[in-house]
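Q: I am new to this structure and would like a close look at a single part of it. Please take me through the nonpolar core and the elements that pack around it, step by step.

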Amino acid sequence: MKIIKSHKELIVYQIAFKSSMEIFHISKSFPKDEIYSLTSQIRRSSRSVSANLTEAFRKRRYEKAFISKLSDSEAEAAETQVWLDYSLECGYLSINSHEKLCMEYDKIIGMIVIMIMHPEKWSL
């Protein structure tokens with residue numbers, strides 16, 4: 001297995017970052033009256049996934065801290081899915097975009113869970 005030297009090399013980080021950027025661009029079209037609620041919440045939670053992955057990677061020499069940050073990342077990914085559901089129900093997001101992004105977040109959550117279950121593979 002190749003040694004990963006930076007969080008940016010993690011596939012899960014790359015998918016999370018790309019997905020949050022997609023949400024950012026899509027949310028630009030949300031109504032202005034949602035700027036301090038749905039728009040802000042979905043942007044924050046989606047960005048927090050990759051931010052927490054970065055923190056987890058830097059804390060990987062401390063197994064409990066590593067798992068804790070991964071758990072935070074998993075929770076933020078699940079929260080993002082809730083905001084995607086609201087965006088769909090409010091008519092701000094197409095069914096295709098919703099399905100695609102929810103599948104990406106399912107993939108992200110799955111990858112994070114595998115990391116949580118096998119922290120020894122990531123330790124220094």
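A: What follows is a walk through the core, the helices that supply it and a few residues in and around it.

The model is a predicted one, and its local features are described only where pLDDT is at least 70. The largest nonpolar core has 27 residues, and among these Val49, Leu84 and Ile108 are the ones that touch the most other members. Four helices each supply at least two residues of this core, namely helix 1 (11-27), helix 2 (38-58), helix 3 (63-89) and helix 4 (95-117). Helix 4 gives the most to the core, with 7 residues.

A good place to begin is Val49, one of the three residues that touch the most other core members. If neighbours within four places in sequence are left aside, Val49 is in contact with Ala16, Ser73, Glu76, Ala77, Thr80, Tyr105, Ile108 and Ile112. Ile108 therefore appears in two roles, as a contact of Val49 and as another of the residues that touch the most other members of the core.

From there the path leads to Ile112, whose place is in helix 4. Ile112 has a relative accessible area of 0%, and because buried means under 20%, Ile112 is counted as buried. Apart from its neighbours within four places in sequence, Ile112 is in contact with Val12, Val49, Leu53, Leu70, Ser73 and Glu74. For one of these contacts, Leu53, a separation can also be given: the C-alpha atoms of Ile112 and Leu53 are 8.6 Å apart, although the two residues are 59 residues apart along the chain.

Two of the contacts of Ile112 are Ser73 and Glu74, and both deserve a closer look. Ser73 lies in helix 3 and counts as buried, with a relative accessibility of 0%. Its contacts, again without neighbours up to four places away in sequence, are Val49, Asn52, Leu53 and Ile112. As a further reference point in helix 4 (95-117), Ile114 is 41 residues from Ser73 along the chain, and the C-alpha atoms of these two residues are separated by 13 Å.

Glu74 is likewise found in helix 3, but Glu74 is partly exposed, with a relative accessible area of 26%. Not counting residues up to four places away in sequence, Glu74 touches Ile109, Ile112, Val113 and Ile116. A separation is also available between Glu74 and Asn52, which are 22 residues apart along the chain and have C-alpha atoms separated by 8.9 Å.

With these residues in place, the packing of the helices themselves can be described, beginning with the pair that holds Glu74 and Ile112. The axes of helix 3 and helix 4 come within 10 Å and cross at roughly 165°. Angles over 145 degrees count as roughly antiparallel, so helix 3 is roughly antiparallel to helix 4. The crossing of this pair is left-handed, and the contact between helix 3 and helix 4 has, by class, 17 nonpolar, 5 polar and 3 charged residues.

Helix 2 and helix 3 pack at an angle of about 160°, with their axes 8 Å apart, and this makes helix 2 roughly antiparallel to helix 3. Their crossing is left-handed, and the residues of their contact divide into 12 nonpolar, 8 polar and 5 charged.

The remaining pair to consider is helix 1 and helix 4, whose axes come within 10 Å and cross at roughly 150°. Helix 1 and helix 4 are therefore roughly antiparallel to each other, and their crossing is left-handed. On the side of helix 1 the contact is made by Ile11, Val12, Ile15, Ala16, Ser19, Ser20, Glu22, Ile23 and Ile26, while helix 4 brings Ser97, Lys100, Leu101, Glu104, Tyr105, Lys107, Ile108, Met111, Ile112 and Met115. By class, this contact has 12 nonpolar, 3 polar and 4 charged residues.

Helix 1 also offers a residue to set beside the buried ones, since the place of Lys18 is in helix 1 and Lys18 is exposed, with a relative accessible area of 58%. The C-alpha atoms of Lys18 and Ser46, which are 28 residues apart along the chain, are separated by 9.9 Å.

Technical notes: Residues numbered from 1 in each chain as written. Predicted model: local features only at pLDDT ≥ 70, side-chain atom pairs only at ≥ 80, totals over all residues. Heavy atoms only, no water. Core = buried A, V, L, I, M, F, W, Y, C linked by side-chain atoms within 4.5 Å. Buried < 20%, exposed > 50% of the residue type's maximum accessible area, 1.4 Å probe, protein only. Contact = heavy atoms within 4.5 Å. Axes fitted to C-alpha atoms, helices over the stretch in contact; angles between N-to-C directions. Parallel < 35°, antiparallel > 145°, perpendicular 65-115°, else oblique. Left-handed = near helix turned anticlockwise from the far one by under 90°. Nonpolar A, V, L, I, M, F, W, Y, C, P; charged D, E, K, R; others polar.
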